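Colleague: Hi! I'm new to this one, could you walk me through it?
Modeller: Happy to, let me put it on screen.

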Amino acid sequence: MFKDFGVQIFADGAVLETMKKQYESGLVDGFTTNPSLMKKAGVEDYTPYAKKVVEAIPDLSLSFEVFADDMETMEQEARKIAALGKNVFVKIPVVNTKGESMLPLISRLSAEGVNLNVTAVYSVAQTKAIVEAVSDKAITYVSIFAGRLADNGLDPIPVMTEASAICKKYDHVRLLWASTREVWNVYEAERLGVDIITCPDGVLQKLAKIGDKTPEQLSVDTVIGFNRDIADLGFTIQ
């Protein structure tokens, strides 16, 4: 059983059967997907797939991302995604592949009451621009890719700390910690007052087991693993 965290935990993935199990467990507060996860899951047709997800998970937050790279087509896709269900959030990247800002579209959709998940965010400056652009007519998630910042040798903690303070000024804005790498990220997100953290299934499984073992037990388990692999190698040191 999960610890009672002060941060909402969203499952990050696109395998429908796994999502159903996570939903039925009652341990997650919402779900996020993206094109890369859909590719990995072998999704072959966006709309039928998304409709199946909404049917299976009708009452928790679901984030589906647009595929287009130009603003006009992106807007068309966003409206189709938003129409899938009242619990659906439309993921819009803060920029497209050319580095062009999508804030005009984000502002327009938000003003119309479309719940958004603004994704691929990496900086405090981007966070400030987003919260200033969106309307209180809808909920907006600001998804900062903290894990990828760390992968690039950048400390995500100062960014998330400042972003959290900014987002808390707005009742309609939620800060989301994305690209989670390890269980400890959940504790960090909670400590910093982050609203939501997305976790892949591997991290969720580890979360369900936190506190099960002492450090001493972990030492024994580690050596048992070494010993198992030694047996598999089938040779000795001569």
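**Cysteines, rings and helices**

Modeller: Let's start with C167, which counts as buried because its relative accessibility is 0%; buried means under 20% relative accessible area, exposed over 50%, and partly exposed in between, using a 1.4 Å probe and protein chains only. Before we go on, this is a predicted model, where local features need pLDDT of at least 70 and side-chain atom pairs count only at pLDDT 80 or more, while totals for chains, interfaces and linings use all residues. Residues are numbered from 1 along each chain as its sequence is written, and side-chain values use heavy atoms, with hydrogens and water left out.

Colleague: Thanks! How many disulfides does the structure hold?
Modeller: The structure holds 0 disulfides, a disulfide being a pair of cysteine sulfur atoms within 2.5 Å.

Colleague: Why is there no bond for the sulfur of C167?
Modeller: The closest cysteine sulfur belongs to C199, and at 18 Å it is too far from that of C167 for a bond. C199 is in no disulfide either, with the sulfur of C167 as its nearest cysteine sulfur.

Colleague: And is C199 buried or exposed?
Modeller: C199 counts as buried, because its relative accessibility is 0%.

Colleague: Switching topic, how many aromatic pairs are there?
Modeller: There are 7 aromatic pairs in the structure. Rings of Phe, Tyr and Trp (its six-membered ring) pair if their centres lie within 6.5 Å; planes under 30 degrees apart count as stacked, over 60 as edge-to-face and the rest as tilted. One of the pairs is F5 with Y187, which is edge-to-face because the planes are at 80 degrees, with the ring centres 5.2 Å apart.

Colleague: Where do F5 and Y187 sit in the chain?
Modeller: F5 is in the segment before β1 (8–12) and Y187 is in helix α9 (residues 183–191), so this pair links distant parts of the chain, 182 residues apart. Helices (H or I, at least four residues) and strands (E, at least two) are DSSP runs, numbered from the N terminus.

Colleague: How buried or exposed are those two?
Modeller: F5 is buried, with a relative accessible area of 10%, whereas Y187 is partly exposed at 24%. F5 and Y187 also form one aromatic cluster together with W184.

Colleague: Got another pair for me?
Modeller: Sure: Y46 and F67 have ring centres 4.8 Å apart and planes at 70 degrees, so this pair is edge-to-face. Y46 is in helix α3 and F67 in the loop between β3 and α4 (71–82), 21 residues apart, and the pair links distant parts of the chain. Y46 counts as buried at 17% relative accessibility, while F67 counts as partly exposed at 49%.

Colleague: You mentioned α3. How do the axes of α1 and α3 cross?
Modeller: The axes of α3 and helix α1 (residues 16–25) come within 10 Å and cross at roughly 15 degrees. Axes here are lines fitted to C-alpha atoms, for helices over the stretch in contact, and angles run from 0 to 180 degrees between N-to-C directions. The two helices are therefore roughly parallel to each other; angles under 35 degrees count as roughly parallel, over 145 as roughly antiparallel, 65 to 115 as roughly perpendicular and the rest as oblique.

Colleague: Which residues meet there?
Modeller: From α1, L16, M19, K20 and Y23 meet Y49, K52, V53 and A56 of α3, where contact means heavy atoms within 4.5 Å.

Colleague: What about Q22 in α1?
Modeller: Q22 is buried, with a relative accessible area of 10%. Not counting residues up to four places away in sequence, Q22 touches A11, L27, V28, F31, D201 and L204.

Colleague: Where is P58 found, and what does P58 touch?
Modeller: P58 is found in the loop between α3 (46–56) and β3 (61–65). Leaving out residues up to four places away in sequence, P58 touches Y23 and N87. P58 counts as partly exposed at 48% relative accessibility.

Colleague: Last one: is L116 buried or exposed?
Modeller: L116, found in strand β5 (residues 116–121), counts as buried at 0% relative accessibility. Among the residues that L116 touches are F89, V90 and I139.
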